Amino acid sequence: MQINQLPPAQQQRLLKLGISSAFDLILHLPLRYEDETHLYTIADAPFGSPVLVEGEVLSCEVNYKLRKQLNARVKDASGSLVVRLMNFYPSQAQQLAVGKRVRLYGDIKHGYFGTEMVHPKIRVGGEVSLQEALSPIYPTTAGMSQAQIATFIAKALRSTPLPDTLPESILAPLNLPDFASSVQLLHAPTPDIPTVLLTARTHPAWQRLKFDELLAQQLSLRLARAVRREKTAPKIKPVGHLAAQLIASLPFGLTGAQKRVLLEITRDLAQKHPMQRLLQGDVGAGKTIIAAVAACHAIESGLQVSMLAPTEILAEQHYQKLVSWLAPLGVNVVWLTGSLKAKAKREAIAAAADGSAQLLVGTHAIFQSSVELKNLGLAIVDEQHRFGVAQRLALREKGQSPHQLMMSATPIPRTLAMSFYADLDVSVIDELPPGRTPIVTKLISDARRDEVIERIAAKVLEGRQVYWVCPLIEESDTLQLQTAVDTHAQLAEELEGIAVGLLHGRMKPEEKAATMAAFQRNEIQVLVATTVIEVGVDVPNASLMVIEHAERMGLSQLHQLRGRVGRGAHASLCILLYTTPLGDTAKARLKVIYENTDGFEIARQDLHIRGPGDLAGVKQSGVPMLRFADLENDADLLDAAREVAEQILQTQPQLAQPHLDRWLPGRESLLKV
Ligand code: ADP
Ligand code: MG
């Protein structure tokens with residue numbers, strides 16, 4: 001079966017279905033099956049699931065009463081039923097001409113005319129032998145009939161050798177069947193197989209396919225990691241004076257968890273292959289200082305460091321903070337974003353190129369091709385999940401192969417970490433700095449907005465500051481902007497004598513930075529903002545946050561937003577305003593955020609509600625997506641695949657390549673990542 005020998009139109013259609021090889025056809029598995037292996041008598045045919053019956057057409061009339069409808073009575077030795085067609089072609093009417101023998105496949109119901117079948121599959125002529133296997137129904141596309149795609153698949157199955165990639169010694173302990181008979185079975189299961197095992201994908205044949213897929217993923221990730229270990233990165237092994245000076249200058253001591261992750265990072269940096277470590281810690285856990293200490297190690301070793309943030313506001317905050325920490329120690333921290341004036345940008349780029357910029361902080365602009373770093377040793381990426389893999393790659397190509405530290409507040413559930421992130425080492429800060437008072441969350445109906453505004457005034461009188469977050473309106477950021485502008489006007493009017501600021505995505509970067517700086521200096525007490533403040537913003541004196549239309553936001557997003565308060569020693573409050581009436585899902589979601597303060601648990605529930613695709617940028621992560629296995633239900637298979645991948649690479653490495661060639665053809669580029 002050669003796909004490229006088919007007519008181009010057919011090739012196009014197959015391509016639409018994601019099929020470009022005979023093996024793709026083989027993996028094009030049925031959506032469901034029809035059971036035409038058993039012929040029922042009309043009287044005995046069960047209700048509730050599709051059945052095959054056969055009989056003779058007794059009568060056939062087209063009825064025009066309400067709308068055009070064809071009613072035909074079909075009879076066998078046991079009884080009769082009515083076939084009803086609401087829309088039909090003349091050819092279908094001919095199939096049901098009086099006296100014809102027909103086979104009908106469909107659901108039998110009690111209807112207006114007694115026992116009836118509505119729009120059954122009709123085949124003329126009886127006494128044809130019955131099907132021996134269940135009939136597969138495939139996903140298809142316009143212009144490609146079931147019969148056609150089934151023919152292609154059957155040809156592919158006949159003409160493609162399917163030697164097993166795994167030996168019995170691996171399959172037997174896992175009770176997995178061989179590959180060829182597994183796919184054959186799934187395309188044409190015998191009628192004795194309970195269909196529920198097929199549709200629920202729990203049949204051993206399904207298990208085998210899922211296992212193979214997961215194994216390919218595990219193998220490729222492990223190989224990618226091995227390739228990385230072959231690369232050399234500068235060993236960063238400073239005496240540690242600079243880091244010690246920084247830590248001594250802080251008004252706080254590091255937590256145990258912070259010390260532990262620092263050790264993990266320092267150990268990695270001293271290796272001769274590039275670190276690729278994900279630093280995970282809930283919002284407010286104190287990741288920035290860890291990044292700064294790691295930067296000190298690289299800088300003391302004479303290397304440059306880049307620190308990248310997803311938004312300009314966040315990058316600016318990092319810049320301010322890093323300057324305040326490191327400039328007194330004589331480190332040259334340089335700011336570089338897309339919005340810099342031409343001259344400033346030229347200077348920053350020059351400083352990057354000649355190596356005088358020891359720490360380069362900014363947004364994506366760092367990646368622009370005009371920016372070359374003389375000797376990048378450590379690349380730090382904050383809020384890693386906001387970046388796609390393309391950006392991660394671009395970064396890697398900047399330096400030779402720098403050490404990489406990625407930071408994220410979005411916890412990765414275990415199964416995701418094991419599959420999509422298996423090539424990363426992970427450090428977790430699982431402890432918040434001491435002296436934080438827990439954030440109290442309140443759910444308040446929007447009808448009580450006035451009370452909330454009074455509360456704001458009281459907070460400001462106590463010397464605290466307030467965020468008011470306007471809803472995310474996905475369809476329209478114009479609308480979101482309008483809500484923010486209106487809310488700002490309303491609050492400014494009602495909160496006399498209090499400075500109310502406004503921050504939104506459409507403002508110029510300088511305006512945003514100026515507003516944020518004023519808020520940081522407490523010249524603005526109430527900041528009305530769109531969700532631009534979601535990530536990383538740090539103003540410890542802000543202890544009240546109001547989030548409007550909380551019911552519209554994602555759980556992890558709410559958690560991230562809420563983490564903007566509760567950063568200082570003051571009792572903090574987060575008010576979630578919702579609009580009534582609330583639907584059941586909205587209620588359930590708000591309950592989760594109300595009851596949980598642990599970002600991990602919230603992420604788990606978020607994963608449950610939204611599915612893994614949304615989480616942590618998995619979709620653009622460049623790691624092969626799973627077609628058959630799913631992480632929530634197949635955790636056991638994932639465990640097994642992980643163990644087997646390990647075992648294969650250690651004891652039977654010759655098995656790996658044939659398996660990868662089958663499952664991930666053309667994915668060699670992955671190994672270069
Ligand atoms: P995140 O992990 O969300 O990026 P940050 O790095 O912004 O958190 O830290 C939150 C706040 O906690 C900052 O003001 C930071 O200076 C402070 N902080 C960090 N570590 C400690 C610590 N060990 N003790 C007290 N405060 C700390
Ligand atoms: Mg942060």
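## Helix H16, salt bridges and aromatic contacts

Biologist: Which residues of H16 are buried?
Modeller: In this predicted model, a residue counts as buried under 20% relative accessible area. In H16 the residues that meet this are Arg449, Val452, Ile453, Ile456, Lys459 and Val460.

Biologist: How wide an arc do they cover around the axis of H16?
Modeller: An α-helix has 3.6 residues a turn, so residues three or four places apart point the same way. The buried residues of H16 are on the same side of the helix, because the arc that they cover around the axis is only 115 degrees.

Biologist: Which exposed residues does the face of H16 turned away from its buried side carry?
Modeller: Exposed here requires over 50% relative accessible area. On the face turned away from the buried side of H16, the exposed residues are Asp450, Glu454 and Leu461.

Biologist: How far apart are the end C-alpha atoms of helix H16?
Modeller: Helix H16 runs over residues 449-461, which is 13 residues. At 1.5 Å a residue the expected span is 18 Å. The distance in the model agrees with this, the end C-alpha atoms being apart by 19 Å.

Biologist: Which residue with a positive phi follows H16?
Modeller: The phi in question is near 100 degrees. The residue that follows H16 with this value is Gly463.

Biologist: Arg449 and which other residue meet in a salt bridge?
Modeller: The N to O distance of this bridge is 2.9 Å. Arg449 lies in helix H16, and its partner, 99 residues apart from it, is in the loop between strand E22 and helix H19. Arg449 counts as buried at 15% relative accessibility, and at 5% so does the partner, Glu548.

Biologist: Is Arg101 buried or partly exposed?
Modeller: Arg101 in strand E6 forms a salt bridge with Glu54 in strand E3, at 3.2 Å from N to O. The pair links distant parts of the chain, 47 residues apart. Glu54 is buried, with a relative accessible area of 9%. The value for Arg101 is 34%, and therefore this residue is partly exposed.

Biologist: In which helix do Arg208 and Asp212 lie?
Modeller: The closest N and O atoms of this salt bridge are 2.8 Å apart. Arg208 is buried at 0% relative accessibility, and Asp212 is also buried at 0%. The two residues are four apart, about one turn of the helix, and both lie in H8.

Biologist: How many salt bridges does the structure hold?
Modeller: Side chains of opposite charge can pair when their charged atoms come close. Some residues are linked in a network, namely Arg32, Glu34, Glu36, Lys121 and Arg123. For the structure, the number of salt bridges is 21.

Biologist: How many aromatic pairs does a search of the whole structure find?
Modeller: One aromatic cluster is formed by Phe23, Phe179, Trp206, Phe628 and Trp663. Over the whole structure, the number of aromatic pairs found is seven.

Biologist: Which residue lies over the face of Phe179?
Modeller: Phe179 belongs to the aromatic cluster. At 4.4 Å from its ring centre, over the face of the ring, lies Arg662.

Biologist: How many disulfides does a search of the whole structure find?
Modeller: A disulfide is a covalent bond between the sulfur atoms of two cysteines. Cys60 is partly exposed at 28% relative accessibility, whereas Cys574 is buried at 0%. Over the whole structure, the number of disulfides found is zero.

Terms used. Residues are numbered from 1 along each chain as its sequence is written. Chains are lettered from A and ligands numbered from 1 in the order in which they are written. This is a predicted model: local features need pLDDT of at least 70, side-chain atom pairs count only at pLDDT 80 or more; totals for chains, interfaces and linings use all residues. Side-chain values use heavy atoms; hydrogens and water are left out. The expected span of a helix is 1.5 Å times one less than its number of residues. Buried means under 20% relative accessible area, exposed over 50%, partly exposed in between (1.4 Å probe, protein chains only). The arc is that of the directions from the helix axis to the C-beta atoms. A salt bridge is a side-chain nitrogen of Lys or Arg within 4 Å of a carboxyl oxygen of Asp or Glu. Rings of Phe, Tyr and Trp (its six-membered ring) pair if their centres lie within 6.5 Å; planes under 30 degrees apart count as stacked, over 60 as edge-to-face and the rest as tilted. A charge sits over a ring if NZ of Lys or CZ of Arg is within 6 Å of the ring centre and within 35 degrees of the ring normal. A disulfide is a pair of cysteine sulfur atoms within 2.5 Å.
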